[in-house]
Amino acid sequence: RLAQSTFDGRLLNMTLCHDKCEEDCKTYVTPVGQCFSSGSLFPNDPSWSDGWDVFDEMIQSSTLHRTIFHTQNNTCGGEDPTDSFEIPLGVC
């Protein structure tokens, strides 16, 4: 569960918690507007599935659009994205 996230124009600071936005939390800082390999940034972290490439972009001042690609080399390549979804910022 997403506990809180903030965006400073370049980096996303996201806190994920196991339950109730307060327990068993981890904080991640990821780039926005450039592809990154979640497996390289967070090796062996189950929160990031299989370490796929991720591309985050702001679509509103309070919403992040995250796209997942079936590559693991910072290219966000391939035919089509594997998944995409929107993340509201600043909320639990």
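Phe-55 stands opposite Thr-67 in strand 6, and this pairing is a good place to start reading the fold. Strands here are DSSP runs of E with at least two residues, helices are runs of H or I with at least four residues, and both are numbered from the N terminus. Two strands pair if DSSP finds at least two bridges between them. Strand 5 (residues 53-60) and strand 6 (residues 63-69) run antiparallel and are joined by seven bridges. The two strands form a hairpin, with two residues between them.

Before going further, a word on what you are looking at: this is a predicted model, in which local features need pLDDT of at least 70 and side-chain atom pairs count only at pLDDT 80 or more, while totals for chains, interfaces and linings use all residues. Residues are numbered from 1 along each chain as its sequence is written, and side-chain values use heavy atoms, with hydrogens and water left out.

Now widen the view from the hairpin to its sheet. Four strands make an open sheet in the order 4-5-6-7, with antiparallel pairing. Its edges are strand 4 (36-37) and strand 7 (83-88), each of which pairs on one side only. Strand 4 pairs with strand 5 over two bridges, and here Ser-37 stands opposite Asp-53. On the other side of the hairpin, strand 6 and strand 7 pair over six bridges, with Phe-85 of strand 7 as the bridge partner of Arg-66. In a regular strand the side chains alternate between the two faces of the sheet.

Arg-66 is worth a second look. Its side chain meets that of Asp-56 in a salt bridge, at 2.7 Å from N to O (a salt bridge is a side-chain nitrogen of Lys or Arg within 4 Å of a carboxyl oxygen of Asp or Glu). Arg-66 lies in strand 6 and Asp-56 in strand 5, so the pair ties together parts that are 10 residues apart in sequence. Both Arg-66 and Asp-56 are buried; buried means under 20% relative accessible area, exposed means over 50%, and partly exposed is in between, with a 1.4 Å probe and protein chains only.

The count by this rule is two salt bridges. Asp-45 and Lys-26 meet in one of them, at 3.7 Å from N to O. Because Asp-45 lies in the loop between helix 1 (38-41) and strand 5, and Lys-26 in strand 3, this pair ties together parts that are 19 residues apart in sequence. Asp-45 counts as buried at 13% relative accessibility, whereas Lys-26, at 37%, counts as partly exposed.

Strand 3 (23-31) has a partner too. Eight bridges join strand 2 to strand 3, and the two run antiparallel. Leu-11 stands opposite Pro-31 in strand 3. These strands form a hairpin with three residues between them, where Lys-20 takes a positive phi near 60 degrees. Following strand 3 comes the loop that leads to strand 4, where Val-32 is found. At 15% relative accessibility, Val-32 counts as buried.

Next come the aromatic side chains. The whole structure has four aromatic pairs, where rings of Phe, Tyr and Trp (its six-membered ring) pair if their centres lie within 6.5 Å, with planes under 30 degrees apart counted as stacked, over 60 as edge-to-face and the rest as tilted. The rings of Tyr-28 and Trp-48 have centres 5.5 Å apart and planes at 80 degrees, so this pair is edge-to-face. Tyr-28 lies in strand 3 and Trp-48 in the loop between helix 1 and strand 5, so the pair ties together parts 20 residues apart in sequence. Trp-48 also forms a stacked pair with Phe-42, at 5.0 Å centre to centre and 15 degrees between the planes. Both Phe-42 and Trp-48 are buried. One aromatic cluster is formed by Tyr-28, Phe-36, Phe-42 and Trp-48.

Finally, look for the largest pocket, which is lined by 14 residues, with Ser-47, Trp-48, Arg-66, Ile-68 and Phe-85 nearest its centre. Strand 7 gives the largest share of this lining, three residues. A pocket is an open set of points on a 1 Å grid over the protein atoms alone, where a 1.4 Å probe fits, with protein on both sides within 12 Å along at least five of seven lines; lining residues have an atom within 4 Å of a point.
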